[in-house]
Amino acid sequence: MRCVIFDLDGTLADTSGDLIAAANACFRALGHGDMLDHAKDAGTALRGGRAMLTLGFERLGGVDDALIDAQYPVLLDAYDKAIDHHTVLYPGAREAVDRLKAADYKVGICTNKPIHLAEKLLKNIEFFDVFDAVVGAGSLPVRKPDPAPYIAAVRESGGSLDRSLLVGDTLTDRATSQAAGVPSLLVTFSPEGQAVSRWSPEALLHHFDDIDEIVADLIG
């Protein structure tokens, strides 16, 4: 069965606003004020909580791994409490998934967001039930770019690995697809923009309106 697996943050949804707010909540609690700016730091936000904490502490003059470890669960708790205040789906994402389903593709999500947060966000924005599988950090002992979570997402979706592809937005997604031996389709509307082409994906996606033809060309 043909199968399309999506990354979540920066691919289906712009979650950067809520992620940055959670990181800034940590820095305010430490007495530093807001250390990250949505306009400048969206790309860092979409790389995850530790990346945001690292950037903030760099701006304060030094990175302390122990302090990052201590603040990471604080950040996750803040994010859990305000997970969908600013998050929006990218234009056409919902309709694209619906069209793929109607064309008999299996669809799933493979994300490095903690699985309980991924499921909560998708449910809150009413975008959970359409997916055949959701695999996140904690679903398996490893994370992307290890191919195991991607392979699990394909299998749980009811798809065939040799007729699957990964839609993502980062080098991690590209490396995951290569490790799994499948094509990758990288979006150009996330913070990396056209620069994702430097990772030589099989195709670029400029808008979700175009996904049907590209997926058909890549996996039939």
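Colleague: Which hand does the crossing of α2 and α3 have?

Modeller: Right-handed. Keep in mind as we go that this is a predicted model.

Colleague: Thanks! At what angle do the axes of helix α2 and helix α3 cross, and how close do they come?

Modeller: Helix α2 covers residues 38-45 and helix α3 covers residues 49-59; their axes cross at roughly 130 degrees and come within 9 Å. An angle between 115 and 145 degrees counts as oblique, and that makes α2 oblique to α3.

Colleague: Which residues make the contact?

Modeller: On the α2 side, look for D41, T44 and A45; on the α3 side, for A51, M52, L55 and R59. Sorted by character, the residues of this contact comprise 4 nonpolar, 2 charged and 1 polar.

Colleague: Good, let's try another pair. How do the axes of helix α1 and helix α4 cross?

Modeller: Here helix α1 spans residues 16-29 and helix α4 spans residues 65-81. Their axes come within 8 Å, with a crossing of roughly 130 degrees. The two helices, α1 and α4, are therefore oblique to each other.

Colleague: And is the crossing of α1 and α4 left-handed or right-handed?

Modeller: α1 passes α4 in a right-handed crossing.

Colleague: Where should I click to find the contact of α1 with α4?

Modeller: From α1, pick D18, L19, A22, A23, A25 and C26; from α4, pick Q71, V74, L75, A78 and Y79.

Colleague: How do the residues of that contact divide into nonpolar, polar and charged?

Modeller: For α1 with α4, there are 9 nonpolar residues, 1 polar and 1 charged.

Technical notes
Residues numbered from 1 in each chain as written. Predicted model: local features only at pLDDT ≥ 70, side-chain atom pairs only at ≥ 80, totals over all residues. Heavy atoms only, no water. Axes fitted to C-alpha atoms, helices over the stretch in contact; angles between N-to-C directions. Helix = DSSP H or I, 4+ residues; strand = E, 2+ residues; numbered from the N terminus. Parallel < 35°, antiparallel > 145°, perpendicular 65-115°, else oblique. Left-handed = near helix turned anticlockwise from the far one by under 90°. Contact = heavy atoms within 4.5 Å. Nonpolar A, V, L, I, M, F, W, Y, C, P; charged D, E, K, R; others polar.
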